[in-house]
Amino acid sequence: MAAESGIARRLEPVRRLRGKVSLPGDKSISHRMAMLAAIAEGETFIEGYSESADCGATLDCLRRLGVRLQVTDSGVHIRGAGKTGLQPSPVMLDAANSGTTIRVLAGILAGQPFETSITGDASLRRRPMRRIIEPLRQMGASVSATDDNLAPLTIRGGALRGITYEPPVASAQVKSCLLLAGLFAEGETTVLEPVPTRDHTERLLRAFGVSVTCRGAARTVSGHSRLQSPGRLRAPGDFSAAAFWLAAGLMVESAELVLEDVGLNPTRTGLLTVLREAGCAIEVVNERLVGGEPIGDLQVNASTLRPSRPLRLAGALTANAIDEVPILAVLGAAFHGAEVSDAGELRVKESDRLALIVRNLRAMGVEVEERADGLTVPGGQRFRGASIETAGDHRIAMAFAVAALVADGPTTLDDAGCVGVSFPNFFTVLEQLRGQGPG
């Protein structure tokens, strides 16, 4: 099991990793499956629902809105309340650390004829919400917030009207929020994406019988749409979680890893694109479609071609791989360098991720140049054991846990438990892979 939050963890370098990795269910997809099942007609069983704290927060919020659901060892069973069946929560909703919960659920709350307040932990209360507040107000919802930008949010919805909106920042959360609000609006709601973002919401809406029109950058839904449960859904393995094991498989001297049932949606696999452009060969086998989402197994072993050129991330590719920037920076230092641009969004994640990446790389003896929207990491560097500041950020913790595997000496994470936000058994998996051979 993962360490308790706030508990430090010491990691030793390894020379060998062996085994198969079963990944947690995709967080992004799990959130959206639960929310759509809650407002659909009929019952939905979700297999592989993410056990992350973030996705647990979504279920807690839905329960407080009167949705009947049950979590079992095999999945989550949700009895849909329909578009008009949600009830006012007797208490303020708590999204904990989950930006997806608060931003995407806000679209559904904006369609309800009652008032709802929703907040989160200290980290979430520092993250910008104006990006959803302004368009929801344009649709006719009343939304109030701290400093007109921060949680807690108080939303009084109902009587929405469809709009056409182009977000100033590419964001799948904003797009999803507005498309879900559009299900409750009069007329059509169209989101114009500045660059393509993950399309799980569009795919899932179709699975629930909703017509989604996609023309160029435009994504459109109609307020007259009904949602009908497809009965059973399965969340694929989370590619963002797989990314850490891809990196470990490339960096550790002797590694043979198989990452099973990984979601391979092309709007999520930017890291694979970057690695391939850098000359890296990662084999994908057993490709198939499950619930409209492509999945497959990723294989990394001693014969895998490692990156032979710098890793470059910019523009639309950055939006696609924004969650993988921490591990990409680690990979760049280990091989032929990394260049990341257009990643200013990382300043307002669970932490200022860009600043933390830079601070921790330097702590491990790695040279790095920080910019307002990105960073440059020279290649061919060695990692030294160090004390890592996670700031409670799960992706920072896991990225530098991977760096620790090839460091000169032990490394200590100040908060290992924060991985529970997305990958509760991360360290259990690591110990199992180490146990397949001498470290």
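**Backbone exceptions, sheets and cores in the predicted model**

Ala391 counts as partly exposed, because its relative accessibility is 43% and thus falls between the 20% and 50% cut-offs. The model is predicted. Ala391 sits in the loop that links β24 and α12. Its phi is near 55°, a positive value in a residue other than glycine. Most residues other than glycine have a negative phi, and most peptide bonds are trans. Ala96 also has a positive phi, near 55°. This residue lies in the loop between β6 (93–94) and α3. With a relative accessibility of 29%, Ala96 is between the same two cut-offs and therefore counts as partly exposed. A further backbone exception occurs between Ala151 and Pro152. The peptide bond joining them is cis, with omega at about 5°. Pro152 belongs to strand β9 (residues 150–156).

The loop of Ala391 starts from β24, a strand of an open sheet. This sheet has three strands, in the order β1-β25-β24, and its pairing is mixed. Its edges are β1 (9–11) and β24 (387–388), each of which pairs on one side only. Two bridges join β24 to strand β25 (residues 411–413), and the two run parallel. Ile388 has Leu413 of β25 as its bridge partner. Helix α12 (residues 394–404) lies across β1, β24 and β25. Its direction makes about 170° with that of β25.

A second open sheet is built from four strands. Their order is β11-β13-β15-β14, again with mixed pairing. β11 (164–165) and β14 (213–215) each have a single partner strand, so each has one side without a neighbour in the sheet and stands at an edge. Strand β13 (residues 188–192) runs antiparallel to strand β15 (residues 218–222), and five bridges connect them. One of the residues involved is Thr189, whose bridge partner in β15 is Val221. Helix α5 (residues 172–182) packs on this sheet and touches β11, β13 and β15. The angle between the directions of α5 and β13 is about 170°.

Nonpolar packing was examined next. In soluble globular proteins, nonpolar side chains tend to be buried together. The largest nonpolar core here has 82 residues. Leu17, Trp245, Leu259, Leu361, Phe383 and Phe400 have the most contacts inside it. Helix α7 (residues 239–251) supplies the largest share of this core, 11 residues. A second core of 66 residues is separate, and its members include Ala95, Ala151, Leu180 and Ala181. Ala151 thus takes part in this second core and in the cis peptide bond to Pro152. In the largest core, Leu17 is among the residues with the most contacts. Beyond its neighbours within four places in sequence, Leu17 touches Ala248, Val252, Ser254, Ala255, Glu256 and Leu257, among others. Its contacts also include Leu405, Leu430, Leu433 and Arg434.

Five aromatic pairs were found in the whole structure. Phe423 and Phe426 form an edge-to-face pair, with 5.6 Å centre to centre and 80° between the planes. Both residues are buried. Phe426 also pairs with Phe427. Their ring centres are 5.1 Å apart and their planes stand at 90°, over the 60-degree cut-off, so this pair is edge-to-face. Phe426 has a relative accessible area of 1% and is therefore buried, the limit being 20%. Phe427 is buried for the same reason, since its relative accessible area is 1%. One aromatic cluster brings together Phe244, Trp245, Phe423, Phe426 and Phe427. Trp245 thereby connects two parts of this description: it belongs to the aromatic cluster and is among the residues with the most contacts in the largest core.

Thr100 offers a polar example. This residue is found in helix α3 (residues 99–109), the helix that follows the loop of Ala96. Thr100 is buried, because its relative accessible area of 12% is under 20%. Its side chain makes a polar contact with the side chain of Gln173, at 3.0 Å. Residues up to four places away in sequence aside, Thr100 touches His31, Arg32, Met35, Leu105 and Gln173.

Technical notes. Residues are numbered from 1 along each chain as its sequence is written. This is a predicted model: local features need pLDDT of at least 70, side-chain atom pairs count only at pLDDT 80 or more; totals for chains, interfaces and linings use all residues. Side-chain values use heavy atoms; hydrogens and water are left out. Buried means under 20% relative accessible area, exposed over 50%, partly exposed in between (1.4 Å probe, protein chains only). A polar contact is a pair of N or O atoms within 3.5 Å; within protein, one must be able to donate a hydrogen and the other to accept it, and residues adjacent in sequence count only if both atoms are side-chain atoms. Contact means heavy atoms within 4.5 Å. A nonpolar core is a set of buried Ala, Val, Leu, Ile, Met, Phe, Trp, Tyr and Cys residues joined through side-chain atoms within 4.5 Å. Two strands pair if DSSP finds at least two bridges between them. Axes are lines fitted to C-alpha atoms, for helices over the stretch in contact, and angles run from 0 to 180 degrees between N-to-C directions. Rings of Phe, Tyr and Trp (its six-membered ring) pair if their centres lie within 6.5 Å; planes under 30 degrees apart count as stacked, over 60 as edge-to-face and the rest as tilted.
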